[in-house]
There are 2 protein chains.
Amino acid sequence: MADVPQGWEARAKPLILFRRFEFERYAEAREFLEALAMLSEETGIHPQNISFGAKYVNITLEAADGVAISEAEYSLAAKINGLRMK
Amino acid sequence: MADVPQGWEARAKPLILFRRFEFERYAEAREFLEALAMLSEETGIHPQNISFGAKYVNITLEAADGVAISEAEYSLAAKINGLRMK
């Protein structure tokens, strides 16, 4: 990759949104995953990747247009945060 | 890491079992994930990591003792295969 010329500043457009959610117990993680599945069905949007173990859930949202994160992804991310509040 | 001395052959003990399951539709992937969650509850064993998108589920089973895959992991892997047959 070429270097950014002197005096210039490169600003990347975010291509993914990522968040890790941690839980005390698997039962809590499972409840969250279940709510997430229902949200996917309601919105018809499925996160690009959900990676989980007994006590964590990592979520990756990709830019739908492959160019930059837009309002659609920010809105989904906010809804996912809302599930955590329950 | 030191090289394996001449004439010797290093054999690794498998530390994880990994399998990718692919699906035609998210509904099928979700059904599989649901069955997997029930299996985790029954057995009390949760795969180290489950990573999924709309049409795939990747599963990683780690050696419980951190040393080598044993009968317990092979047995769980076989049970997970069984879920796919349904």
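This report walks through a predicted two-chain model, from its symmetry down to single residues.

## Ground rules

Residues are numbered from 1 along each chain as its sequence is written, while chains are lettered from A and ligands numbered from 1 in the order in which they are written. Because this is a predicted model, local features need pLDDT of at least 70, side-chain atom pairs count only at pLDDT 80 or more, and totals for chains, interfaces and linings use all residues, with side-chain values taken from heavy atoms and hydrogens and water left out.

## How the two chains relate

Two copies of a chain are related by a rotation about an axis and a shift along it. Here, chain B lands on chain A after a rotation of 180 degrees with 0.0 Å of shift along the axis, and the RMSD is 0.2 Å. That is what a two-fold axis does. The fit is by least squares on the C-alpha atoms of residues with pLDDT of at least 70 in both copies.

Both copies use the same surface: 100% of the contact residues of chain B turn up again in chain A. Contact here means heavy atoms within 4.5 Å. Which residue of chain B comes closest to the rotation axis? B:Ser51 does, with its C-alpha at 2.0 Å.

## Helix α1 of chain A

Helix α1 of chain A covers residues 26-43, 18 residues in total. Helices are DSSP runs of H or I with at least four residues, strands are runs of E with at least two, and both are numbered from the N terminus. From first C-alpha to last, α1 reaches 25 Å, close to the 26 Å expected at 1.5 Å a residue; that expected span is 1.5 Å times one less than the number of residues.

Plenty of α1(A) is buried, including A:Tyr26, A:Ala29, A:Phe32, A:Leu33 and A:Leu36. Buried means under 20% relative accessible area, exposed means over 50%, and partly exposed is in between (1.4 Å probe, protein chains only). Right after the helix comes A:Gly44, with a positive phi near 70 degrees.

## Salt bridges

The structure holds 10 salt bridges over all chains, each one a side-chain nitrogen of Lys or Arg within 4 Å of a carboxyl oxygen of Asp or Glu. One of them stays inside chain A: A:Arg20 pairs with A:Glu22, with the closest N and O atoms 2.8 Å apart. A:Arg20 is partly exposed, because its relative accessibility is 39%.

Others go across. A:Glu34 forms a salt bridge with B:Arg30, again with a closest N to O distance of 2.8 Å, and that pair links helix α1 of chain A to helix α1 (residues 26-43) of chain B. B:Arg30 also meets A:Glu41 at 2.6 Å, N to O, another pair that runs from α1 of chain A to α1 of chain B. How accessible are these partners? A:Glu34 is partly exposed at 29%, A:Glu41 is exposed at 52%, and B:Arg30 is buried at 18%.

## A:Arg30 up close

A:Arg30 sits in helix α1 of chain A and is linked with B:Glu34 and B:Glu41 in a network of salt bridges. Buried or exposed? A:Arg30 counts as buried, because its relative accessible area is 18%.

Setting aside residues up to four places away in sequence, A:Arg30 touches B:Glu34, B:Ala37, B:Met38 and B:Glu41. Within its own chain, A:Arg30 has its C-alpha 9.3 Å from that of A:Val57, 27 residues apart along the chain.

## Two more buried spots

B:His46 is in the loop between α1 and β2 (49-52) of chain B, and its 17% relative accessible area is why this residue counts as buried. Apart from neighbours within four places in sequence, B:His46 is in contact with A:Tyr26, A:Phe52, A:Gly53, A:Ala54 and B:Ser40.

A:Thr60 belongs to strand β3 (residues 56-62) of chain A and is buried too, at 15% relative accessibility. Not counting residues up to four places away in sequence, A:Thr60 touches several residues, among them A:Ile16, A:Phe18 and A:Pro47.

## A nonpolar patch

A:Leu15, A:Ile16 and A:Phe18 make up a nonpolar patch on the surface, together offering about 300 Å² of accessible area. Areas come from the Shrake-Rupley method with a 1.4 Å probe, and for residues only the protein chains shown count as cover. Patch members have over 30% relative accessible area and no salt bridge; like charges are joined within 9 Å, and nonpolar side chains (Val, Leu, Ile, Met, Phe, Trp, Tyr) within 5 Å. A:Leu15 lies in the segment before β1 (16-22) of chain A and is partly exposed at 47%.
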